[in-house]
Every structure is written in structure tokens, then in C-alpha cells.
Amino acid sequence: MKYGYFNNERKEYVITNPKTPVKWTNYIGGLDFGGLIDQTGGALLCKGDPALNRIVKYIPQLPASELKGETLYIRIKKNNEYVVFSPFYVPTLTPYDYYECRVGNGYSIITSEILGIRTEVTIFVPMDSQREIRDIKVTNISGEAIEMDIIPFVEYTHFEAMKQFNNADWVPQTMQSQCINEADGKRVIKQFAFMRKDTNVNYFTSNYPIASFETDRKIFLGDNGYGTFMKPLSLFQEELSNYEALREDNIVAALHKMGQLEPNETKRIITQLGQYTDFDYEMTEIEKYRDEKCVDEAFIKLENHWNNYLSKFQVKTPDEDFNTLVNIHNPKQCMTTKNWSRFLSLYQLGLGVRGIGFRDTSQDLIGIMGLCADESTEMIGKLLSIQRRNGCAMHQFYPLTMEATKGESGEMENRDDFYGDDHLWIVQTVCEYLKESANYDLLNKVVPFYEKDSKDKPLEEATILEHLKRAIEFTHDNKGRHGIPLLGFADWNDCVNLPKTAESIFNANLYGKALLEMMELMTHLGDEEIVNKYKDYYDEMKIAVNENCWDGEWYLRYFDHEGKPLGSKVNEAGMIYTNAQSWTIMSGFADEQRATQSLESLNKYLNTKNGIKLSYPGYNGFDPNLGGVSTYPPGAKENGGIFLHSNPWVIIAETLVGNGDRAFQYYQQINPILKNDNIDEFEVEPYVFPQNILGDEHPQFGLGRNSWLSGTASWVYQAATKYIMGVRADYDGLIIDPCIPKAWDEVSIIKEFKNATYNITIKNPNHISKGISRMEIDGKEVDTNKAPIFADGLVHNIVAYMG
Ligand code: NOJ
């Protein structure tokens, strides 16, 4: 079945049926203030930290039909009786004549027609003001006059989101609401709790008089609390009680009396939900956003911002679905993961388990580098400030407090107490930044290391360049018996947690790639001594990998604490792992013959029509020596599931060996847009990549899970733009090195690069996959496939011929 369509002109996905197989979401605002909106108007909002400062109570585990966080009720009078419904379908489930939810860039617009009322609600957070705007337009399309009230509704959570669920004593006693009456019938309805540090105050207001309000959930539902959100009994009385809650479950329901709407008449109400520290300041902002013109301008500003972001890289190929993903939805997802890390989604709720991840965010930042590189620098500094002095990194941090933790579970004690990969990712991040921006000053910026004295003062600080060097040295100094880097608690694969002293071939490759990046950078900076040192490190690791980790037809993945291999033909389960093959090519360690052979093995054992599995066969039952991976059934998540994050690495590897047809086949296998016409098996949104799809060892093969916040976004974007399209920033120019399907005649790309526009056409007259035989820049033949840095603010036309 189909639940919507792509509208490329408006850069939106339009959901046409609210009963999607699972909730389909969109993001508004950012971590400073914002959150997610589902297709029935439910919202999960926070300010600064979804764990420590959450605003709206959205419980994803509730059935799809239940209210979650926010809604809008409309009540009309028919035959002198009230009829109450929600234009969002949930929670009243009133049959609708028309419904659509336009999933846009930084906004959602829900339109419905129910009982003769057309309602259009635009939900967004302005670019430069921290508030959720709900711009509500109601039109009477019934043909006769209708008397109507509208009642926006919010259910608050306690600010400390975790406590909301595990401290039912403290939380209810601290929640309070109060109403501030303004002169003209408008009201600001506050909700607050005394906190140990500051007192946070949420508020709801609108640009319309609020006739009456409710702040206590029990009274709102009615019948001594036994009423329902489907039919809140208080809405059947003329007025709400104006009770200012002193404790318990705080909500706000604000009754706006619209009076009579004549046929085809439209009325507009703008609501604001926010949080303030300075009331006087906030009141001036509130007044501003009560003005329709200001809201219209804020919306246009938001649209312009996104259009500008997306315009920095645009492609035109013979494949429309590829174009749609590369031009709109994939870069949007890159920005979203960059904003939220793995901190707030329907699957990751920031409840003390996941903060901003060092590994994840380092990779997410690469995803936006070609589009808005400078947005990464602040976060690069924050990440490096949780790097330890010995070069490895804390695994994650909470942005509100900058407190960092080593890992996700208390299990680390029995394993090495570091992740073997975290610190290496940021080397690529910084190098990509420098290639796109040329702001070499960043390398000299001084950033503290994580360790602090008793007064919370950092014990040491160093330049960013020094931080990167420490990262390299940590891995150089922490190798195992085969000369392969130690695994630590885990590498990229969080769930394979082998006892202390295990080795990771993934870490070997990531180290190899980091060394290649550092060698390029230091060559560019003219430091030959360090280039030679890193070359020795690189050669040493290349030998260790090729002498110890080739299994005959593919590369091994780990050595355990006893030196036994995992990801080998000798293993009954976990015989072959994807990342060991792709990354040995990305690191440049595999020679041509081994690269081709390992990619063939990967294709034979790991590929499916829905994407490439992470490993095969799955482990069947918990094994304490393997850790987390064996808690999943075979075919799920890291245990032989299709872990999408790993797929683009194979696509990149295929382009590196010149196999454009297979690279594109792998790309399209996971392109969510292609699931749109028959999505019941896949279930999740067709406009973003999920983190994983159940593999073919699982009875629900093809089911997508954990949408939105996944490193898949960044890496598929890189695979498409830098490797299939082949347009890569370098320190001294823009490389054009496509690897495309042979059938394609021509592709074109527009890339903004260092203050110039590169208008690139690639012609493929001989129908090959890789290789540029000649290139023209602004009509003149050049003898390279690297365009220079123009930095002149002009458009330059480049034609590259494959051959
Ligand atoms: C999701 C985590 O966020 C990421 O850090 C990890 O690399 C993958 N799972 C694979 O385990």
C-alpha cells in the first residue's frame, strides 16, 4: 500500500493517509529548541537537552491512536449540542473527508477536512527564535454558518524526562501551572517546577483571547479522570475550569471562542509553545510572533534557509529517484543527524542512555561538510574537549552539562575501558572540513582534554592538530598480539563486546584511513618528517592486516582474547562480516586481487534484495563472550541484520574498484524512495533511511526500524556525491572522478566550492563506469581531472569526458 507521494517542486513528502504503518515523523528546530512532529500532530520537544530539559510528554510506546504530546481539538455546535473532533485524526479518530501532512524542511503542514471544516496547521520553529509556532487556519466549507471553538492542547512532561517515568513521588509534587491574564483577554499559561538549579518555565500562549483554560489532566478528561483523550468530557461544558494545577499531570487546554464562521470564511490563530528564563524579554518575543506578518516572514526565512542549504550540491542523472534523494531528502537527513546525533527520536529518547556520541557525531559532521562546513567547527571543538589525554575519547556527552561518559552500559569493567574507534573518526572529520573550507586556523585552535582537577579545571589543553596526533598515537600504542589495534569495549559495531585484549580489523582499517588523511594533510602543510613517520605506521599496519587477516576468500573481522578469529570460514556463525571487506579497500590495505575477491564473497554471502547484511550467519543465543550482538535474534540489527550504515561503505568500495553498476545496484537496493509504492513490509518513512532493516534470516525480512538518526545519512550522501558522482573536495582543488552505471549517457552536477560555482557536465559516450579521459574548464582543455580553486564568486563550466 501507498501512504503518500513526493512533491519535489515543494521539496516535501506528502502523507495522504494518517494511518501509516508506524508513526512517521519530521523534525522542527534544533537541539537549542525543537524536536519531532509526527503525522498526526504529536510532538516531542525539548530545549537544549532531551534528557534534562524536555517540554512535551510524548510516549512513543503508546498505541498510534493515543494522544502524544500535543493535539488540537475543534468543537462545533450542531443542533445545540457540541461535537468535538481533532483535525489531526488522532486522538478522536473522527472520519475525515480529506487529510494530508506535508513533511517539509523544518516544518510540517497538516491539512484536513472534517465535518465541513477545513483546517490547515503549519508547525515550525522560527530560525532565530525559540518557540514552536502552530499557525492554525480554519475555514468553514460546510456551506452554512457554523459556530466554532478551537482548543489547542499540550501535555507537559517533567523537565528531567527520565524522572517522569521512574519517580512518581517527586515529579507529580513539583509540577505547577499558573495563568497570567493580559489586558485584552489574551493569556500566557505557565507551567513550571522548582529545579535544583534554575526554575524552568514553559508557557503556552496565542494571539487570540483565551476564554477559559484547563491545566490539570484529570479535570480535563473528566469523570474523575476516567474520561479519554478521544472524548474529553470537559470540552462538552461551555467553559473550562480555569484551574491552576498545583501538582500532578500538567497540561494546557486553551479554549478559543471563534464565534460564527460564515460559509467559506477563514479564521487564523497562532499559538506559541516555549520556555523562558527572562519573562520580560520573552513577552516582547511573544508579542512579535502574535503578528501574522512576522510569522509569515519567519516561515519564508526558514524555507529560504533550507533552499540555500540544498542548493550547494545538486545533481541531474537519468535516475529520478537518485536525484530526489541526493538533492533533497538525503542532505536533509544529514542536517538532522548533525543536529540531533542519536539524542531524540522515536527510538532514541535521550533518557540517560544516549547523548551526543563522539563516533556518531564525527561522522554526521562529514555529511554536511560539502554544504555548510562552518556549521561543524563548534561541535568539533566540543567533541575534542571530551578526548582524553592519551588520545582515546569519552564515548558521549550531554550538551547541557558537558558531562561525558565512557560507554553506554556498565559492562565496560570486564572489557578494555575504551572504544577502539571513537578517536579515529574525528581525523577524517577535521580533514574533510579543511578540504571544504581551507580554514587552516582551526588546526591551531586550543581545546582542553577531558581530564580535570578537583576544581573542574582541565589538566591539559592543546591545539586541534595535536589532538589529532594523539588520536593516531593512541591506536599506534594499543595493539594486540597480531599487531592489530585493540578492540576496546567495541569498535564501530557497538554490540560485539569481546573480553579484554581482543583485536579489531575494523580499527586497523580506520587507523589506515586516518593515517592516509593525516599524510595528505601534513604533506599539504609541508611537514615531511611527520609524513614519513605516518607512512611507516601505515606500512606496518598494512603488513599486519595482510599477513594475519586474509582468510582465503575474504578478510577476518576480529581476533578474540585468545587470538582466535571471528569472521572466518572456521566460524559456524559470524563467518563473514561486511565491514571487514569494505574498509580494507577504503583503507587502501587490500591489493586489487584481494579487493575484488572479498567484494565477490561479500556479494555471495551478504547481499540481499533489501540491502547488504552486516554479517552471516547470525548468532543464535546469548554468548557472554560476544556480548550485545548475541542478544538479538539472527537477522536483527548488528546480528546479521541489514545495518544500513555499512551499505554505503560497500558502495564506496565498489566505486574504488571501478564497479559502477554494482555500486548503483547497492545504492538503489536501499533507496527508501523505491519502497514508497509498496511500503507495508518496510513500514518506516520512505523519505529517510532507517538505521536497520531485518535481514533474510529473520521472519520479517524487509522491515525497517529506527528511522532518521543514523550514520547511514552521512555515508550514503558521501557515497553518492563523492564516489558515484565522484566530486570530491581536495586541499588544492575539486576532484572529478565519477563511477557511474555504464548505461548512463550524461550527468550534471552543480557544486558550490570555496566561493565559486562549479557547473559540471560529465559525458559518457563510450558507456564505461570510471575514468576521465579529458576535461575542459570554461572551454579550455586541461590535463587533469582536478579543477582549481577559483574563489572568485563566479560560475565555472566544466565538461569531463569519460573514456
Ligand atoms: C548505532 C550507534 O549509534 C553507532 O555508534 C554504531 O556504530 C552502530 N549502532 C553500530 O553498532
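Is C495 buried or exposed in this predicted model? C495 is buried, at 11% relative accessible area. That is the starting point for the close-ups below, which come from a predicted model throughout.

**View 1. Two cysteines, and the disulfide count.** C495 comes out as buried because its relative accessible area, 11%, is under the 20% cut-off. C739 is buried too, with a relative accessible area of 1%. As for disulfides, the count for this model is zero. In general, such a link would be a covalent bond between the sulfur atoms of two cysteines.

**View 2. The ligand and the residues around it.** The ligand's surroundings are made up of R342, R354, R359, D360, W492, N493, D494, E638, F643 and Q691. Sorted by class, that shell holds six charged residues, two polar ones and two nonpolar ones. Zoom in on the ligand's oxygen atoms and you'll find some polar contacts. The side chain of R359 puts an N or O atom 2.8 Å from a ligand oxygen, and the side chain of D360 has one at 2.7 Å from a ligand oxygen. D494 takes part through its backbone instead, with an N or O atom 2.9 Å from an oxygen of the ligand. How much of the ligand's accessible area does the protein cover? On its own the ligand has 300 Å² of accessible area, and the protein covers 96% of that.

**View 3. The open sheet β21-β22-β23.** Here three strands sit in the order β21-β22-β23, paired antiparallel in an open sheet. The edge strands are β21 (356-357) and β23 (403-405); each has a single partner strand, so one side of each has no neighbour in the sheet. Strand β22 covers residues 396-398 and is joined to β23 by three bridges, with the two running antiparallel. To find your place in that pairing, look for Q396, which stands opposite T405 in β23.

**View 4. Another open sheet, β33-β34-β35.** This one is also an open sheet of three strands with antiparallel pairing, in the order β33-β34-β35. Why is one side of β33 and of β35 left without a neighbour in the sheet? Both stand at the edges, β35 being residues 704-707, and each has a single partner strand, so one side of each stays unpartnered in the sheet. β34 (residues 690-693) pairs with β35 over three antiparallel bridges. One partnership to pick out is P690, whose bridge partner in β35 is S707.

**View 5. Helix α15 and the loop leading to it.** Helix α15 spans residues 647-656, and nine of its ten residues are buried, so the helix is largely enclosed by the rest of the structure. Among the buried ones are W649, V650, I651 and I652, and also N647 and E654. Just look back along the chain for S646, in the loop between β33 (642-643) and α15. S646 is buried as well, at 1% relative accessible area, and its side chain makes a polar contact of 2.8 Å with the side chain of N579. Following α15 comes G658, which has a positive phi near 90°.

**View 6. The β36-β37 hairpin.** Strand β36 (residues 727-730) is covered on both faces: V727 and A729 are buried on one side, R728 and D730 on the other. As a general point, side chains in a regular strand alternate between the two faces of the sheet. β36 pairs with strand β37 (residues 733-736) in the antiparallel sense, over four bridges. A two-residue hairpin makes the connection between these strands. Within the pairing, A729 stands opposite L734 in β37.

**View 7. Backbone oddities in four loops.** Start with the cis peptide bonds. One runs from V90 to P91, with omega near 10°; P91 is in the loop between β8 (81-85) and β9 (98-103). Another joins Y616 and P617, with omega about -20°, and P617 belongs to the loop between β32 (615-616) and β33. Now for positive phi values outside glycine. L115 has phi near 50° and is found in the loop between β10 (107-114) and β11 (117-124). At 33% relative accessibility, L115 is partly exposed. D778, with a positive phi of about 45°, is in the loop between β40 (772-777) and β41 (780-782). D778 is also partly exposed, at 41% relative accessibility.

Key. Residues numbered from 1 in each chain as written. Predicted model: local features only at pLDDT ≥ 70, side-chain atom pairs only at ≥ 80, totals over all residues. Heavy atoms only, no water. Disulfide = S-S within 2.5 Å. Buried < 20%, exposed > 50% of the residue type's maximum accessible area, 1.4 Å probe, protein only. Near = heavy atom within 4 Å. Polar contact = N/O pair within 3.5 Å; in protein donor to acceptor, adjacent residues only side chain to side chain. Areas by Shrake-Rupley, 256 points an atom, 1.4 Å probe, with all protein chains shown as cover. Nonpolar A, V, L, I, M, F, W, Y, C, P; charged D, E, K, R; others polar. Pairing = 2+ DSSP bridges.
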